[in-house]
Structure formats: C-alpha cells, structure tokens
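This report looks at one helix and at the charged side chains that pair up in the chain. Please have the sequence and the 3D view open while reading.

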Amino acid sequence: MKPNQKWLKLKTKNAYLNTDIFAIFPDLNSFVPGSISSFEDFSEASVKKDFEGFSGELITYDEFFETLMPDYENKGLFYKALFKLDCFTLKNKKIYNWFSIKNKDEIYIFGCSQDFTTYNIPIFRLFGEAEERSLKKAVLKLEEKGFELE
C-alpha cells in the first residue's frame with residue numbers, strides 16, 4: 001500500500017477505497033450505474049446500490065466534490081468514465097440535485113425543463129458520521145468483512 005494514495009484497489013474486486021472519505025467506490029471504468037432522466041422527479045429506485053459485495057448509498061454533494069471532482073479535474077483514475085457519463089445525481093440531505101461536471105458551477109433540480117440522463121454513483125461508507133476515521137481503522141473494518149487491499 002502506497003502512502004498518501006487517494007484510491008486503493010480492493011484485492012479481487014472491481015472496487016476502490018477512497019482515503020479522503022474512507023468509502024468504497026465501484027470501479028467506474030467497469031461499473032454500469034443506475035440512471036434517471038433529469039426531466040423526471042428523482043426516484044431512489046433508480047440507484048443501483050449493490051456492487052462487488054457492498055450495498056452502497058447515493059454519493060452526496062460534498063463527497064462528490066471531495067473525491068470524484070478532483071479526480072476528473074486532475075485526469076485521474078476515473079477521468080474517462082466521468083467525462084463519458086457527464087451528469088450525476090447528488091444527495092444533499094433529503095434533496096436530490098443533478099449537475100454536469102462540464103458545467104460544475106450550476107446545480108439543477110429534477111423535473112426541470114432540461115432533459116439529460118443523470119447517473120447515480122453508489123458508495124459504501126466505512127464509518128458513521130461520529131466515528132473516528134483512519135486508514136488503519138478502515139483496513140481493519142475491511143478485513144472484518146473479508147476484504148483486502150492490493
């Protein structure tokens with residue numbers, strides 16, 4: 001395991017541990033996320049939550065901008081997949097919004113007059129909000145669930 005690496009691959013899984021928020025992400029280069037039209041009202045049923053042995057939840061606004069947006073801007077691990085998908089659904093408390101990474105300064109509501117396909121990225125959070133987080137604790141939690149890092 002390399003120190004200060006943001007994306008750590010899970011052994012034998014198409015999934016990564018992000019060390020900024022300590023959450024498991026599907027490998028976006030091979031995972032086919034659920035989607036919904038921006039013209040519709042958001043439906044939780046459109047989120048494909050299960051991936052590689054994890055049952056995730058929709059990524060939040062803050063989590064996306066802390067993890068995937070920098071990856072896109074720096075042409076990182078998931079750059080091509082993010083560029084291809086373009087529009088994403090984000091959870092912000094109990095409100096769902098969508099936006100395009102190519103126009104990141106504008107956040108839209110569902111049911112508006114613009115019709116785009118928005119993609120729903122699930123993540124599995126290793127820690128609750130009040131839990132102390134560290135890479136060491138994340139590795140232990142993964143091992144308890146039978147997963148290892150490469």
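In this predicted model, the residues A138, V139 and L142 of helix 3 are buried. Seen down the axis of helix 3, the buried residues fall within an arc of 100°, so they line one face of the helix. On the other side of helix 3, K136 and E144 are exposed. The buried residues of helix 3 are covered by parts of the chain that include strand 2, strand 3 and strand 6 (54-55). After helix 3 comes G146, which has a positive phi, near 85°.

Helix 3 also takes part in a salt bridge. The side chain of K141 meets that of E131, at 3.1 Å from N to O. K141 sits in helix 3 (residues 135-144), while E131 belongs to the loop between strand 12 and helix 3, so the pair links distant parts of the chain, 10 residues apart. K141 has a relative accessibility of 21% and counts as partly exposed, because buried means under 20%. E131, at 37%, is partly exposed as well.

How many salt bridges does the structure hold? There are 7. The table lists some of them.

| Pair | N to O distance |
|---|---|
| D20 and K6 | 2.9 Å |
| E57 and R125 | 2.9 Å |
| K141 and E131 | 3.1 Å |

Where in the chain do D20 and K6 lie? D20 is in the loop between strand 2 (15-18) and strand 3 (23-26), and K6 is in the segment before strand 1 (7-9). The two are 14 residues apart, and their salt bridge links distant parts of the chain. D20 is partly exposed, with a relative accessible area of 28%. K6 is also partly exposed, at 44% relative accessibility.

The salt bridge between E57 and R125 has its closest N and O atoms 2.9 Å apart. E57 lies in strand 7 (residues 57-58) and R125 in strand 12 (residues 122-125), so this pair ties together parts that are 68 residues apart in sequence. Are these two residues buried or partly exposed? E57 counts as partly exposed at 46% relative accessibility, and R125 counts as partly exposed at 26%. The pair does not stand alone: E57, E63 and R125 are linked in a network of salt bridges.

Key
Residues numbered from 1 in each chain as written. Predicted model: local features only at pLDDT ≥ 70, side-chain atom pairs only at ≥ 80, totals over all residues. Heavy atoms only, no water. Salt bridge = Lys/Arg side-chain N within 4 Å of Asp/Glu carboxyl O. Helix = DSSP H or I, 4+ residues; strand = E, 2+ residues; numbered from the N terminus. Buried < 20%, exposed > 50% of the residue type's maximum accessible area, 1.4 Å probe, protein only. Arc of directions from axis to C-beta. Contact = heavy atoms within 4.5 Å.
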